[in-house]
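Here are my notes on the model you sent over, as numbered points. Have the structure open while you read, since I hop around the chain a bit.

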Amino acid sequence: MLQFGRWGILVGLLILVATDATHAAIVGLQRVATGLSAPIFVTHAPGDRTRLFIGQRGGSIRILNLTTGSLETTPFLSIPNVDQAGEGGLRGIEFHPDYATNGKFYVNVTIDNGGQVFQGATSPFSTHIRQYTVSANPNIANTTPTEILSFIQPQDNHNAGWIGFSPNNGLLYIPTGDGGGGGDTGSGHTPGTGNAQDITDNLLGKILRIDVDVDEFPGDANRNYAIPVGNPYR
């Protein structure tokens with residue numbers, strides 16, 4: 001499934017619908033990019049209407065130059081060791097609201113974890129929310145990430161993927177999916193309630209809300225965020 005960022009634009013698809021019943025709907029296709037592999041997400045950076053950033057499931061982010069109509073030859077970012085089993089892979093991209101000044105952006109991606117166990121299930125991978133920064137070249141990102149948070153997925157489906165900043169409070173929202181399988185039941189799911197209704201320390205089946213501009217866990221290199229006041233978990 002191809003997801004959309006700030007623009008409701010699908011690479012290669014243009015739909016125009018008439019506003020009244022006296023005119024027929026106009027539906028047309030226009031190819032705007034070729035040479036992509038499993039594109040799954042399209043977005044743009046804040047204030048930048050000249051480039052589309054296209055996330056590919058295998059972990060590569062490509063830039064479509066809207067002025068020239070061509071893909072930049074070098075990927076914006078290529079994330080190594082992405083696990084594409086089931087519904088895994090690069091799932092989402094989001095730019096910091098202040099990207100123009102701080103160059104930060106975020107990805108939601110699944111990475112093999114060596115078969116860790118969660119709720120009795122052997123995991124295929126973990127979901128990672130990572131922060132990257134753009135380099136001095138605006139079309140190339142630095143390859144070393146900052147780990148924001150991660151959590152184990154018990155199955156390889158129902159991983160969600162979209163992430164986004166709220167325009168109202170500047171917090172990053174992260175849907176997590178219920179961990180997979182079917183009906184939020186079985187191995188890897190909290191007995192009796194499922195992961196979604198488990199409000200202990202279970203992050204699956206939730207929409208997480210975090211502050212990426214503050215580090216509440218300075219002693220933990222794998223947790224670089226703060227939990228806003230009012231969140232159910234602390």
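**Notes on the model**

1. Start with the overall make-up: the chain contains one helix and 17 strands. Keep in mind that this is a predicted model. Mean pLDDT for the chain is 89, with 88% of residues at 70 or more. The stretch I'd flag is residues 6–11, where pLDDT stays under 50. The model still gives that stretch 21 contacts beyond four places in sequence, so to speak on paper only.2. Some whole-chain numbers. The chain has 234 residues, and 46% of them count as buried. Its accessible surface is about 11,500 Å², with carbon and sulfur atoms making up 54% of that. Among contacts with a separation of 6 or more, 51% are between residues 24 or more positions apart.

3. Now strand β6, residues 60–65. How many of its residues are buried? Six of the six are, so β6 is largely enclosed by the rest of the structure. In a regular strand, side chains alternate between the two faces of the sheet. Here Ser60, Arg62 and Leu64 point one way, while Ile61, Ile63 and Asn65 point the other way. Both sets are buried, and they include Arg62 and Asn65.

4. What does β6 pair with? On the N-terminal side there is β5 (residues 51–56), which runs antiparallel to β6 and is joined to it by five bridges. Gly55 stands opposite Ile61 in that pairing. The two strands make a hairpin with three residues between them, and Gly59 in the turn has a positive phi of about 115 degrees.

5. β6 also pairs with β7 (residues 70–71), antiparallel and over two bridges. Leu64 is across from Leu71 here. This is again a hairpin, with four residues between the strands, and the turn holds Gly69 at a positive phi of about 75 degrees. A further antiparallel pairing, over two bridges, links β6 to β8 (residues 77–78), where Ser60 stands opposite Ser78.

6. Strand β9 (residues 90–95) deserves a look too. Six of its six residues are buried, so β9 is largely enclosed by the rest of the structure. It runs antiparallel to β10, and five bridges join the two. Within that pairing, Ile93 has Val107 of β10 as its bridge partner.

7. On to the nonpolar packing. The largest nonpolar core has 20 residues, and those with the most contacts inside it are Ile61, Phe76, Leu77, Phe105 and Val107. Elements giving two or more residues to this core are β4 (39–43), β6, β9 and β10. Which element gives the largest share? That is β10, with four residues. Apart from this core lies another one, of 16 residues, among them Ile129, Ile148, Leu149 and Phe151.

8. Val107 is worth clicking on. Beyond its neighbours within four places in sequence, Val107 is in contact with Ile61, Ile79, Leu90, Gly92, His128, Ile129, Arg130, Tyr132 and Ile163. One of these contacts, Ile61, sits in β6, and another, Ile129, belongs to the 16-residue core.

9. Have a look at Asn113 as well, in the loop between β10 (104–111) and β11 (117–118). Is Asn113 buried or exposed? Its relative accessibility is 13%, which is why Asn113 counts as buried; the cut-off is under 20%. The Asn113 side chain reaches the backbone oxygen of Phe125 at 3.3 Å. Outside its neighbours within four places in sequence, Asn113 is in contact with Ser123, Pro124, Phe125, Ser126 and Ile152.

10. Last, a three-stranded sheet. Strands of a sheet pair through backbone hydrogen bonds, either parallel or antiparallel. In this open sheet the order is β15-β16-β17 and the pairing is antiparallel. The edge strands are β15 (164–165) and β17 (207–210), each of which pairs on one side only. β15 and β16 (residues 172–175) are joined over two bridges, and Gly164 stands opposite Tyr173 of β16.

Terms used: Residues numbered from 1 in each chain as written. Predicted model: local features only at pLDDT ≥ 70, side-chain atom pairs only at ≥ 80, totals over all residues. Heavy atoms only, no water. Buried < 20%, exposed > 50% of the residue type's maximum accessible area, 1.4 Å probe, protein only. Contact = heavy atoms within 4.5 Å. Areas by Shrake-Rupley, 256 points an atom, 1.4 Å probe, with all protein chains shown as cover. Pairing = 2+ DSSP bridges. Polar contact = N/O pair within 3.5 Å; in protein donor to acceptor, adjacent residues only side chain to side chain. pLDDT = per-residue confidence, 0-100. Core = buried A, V, L, I, M, F, W, Y, C linked by side-chain atoms within 4.5 Å.
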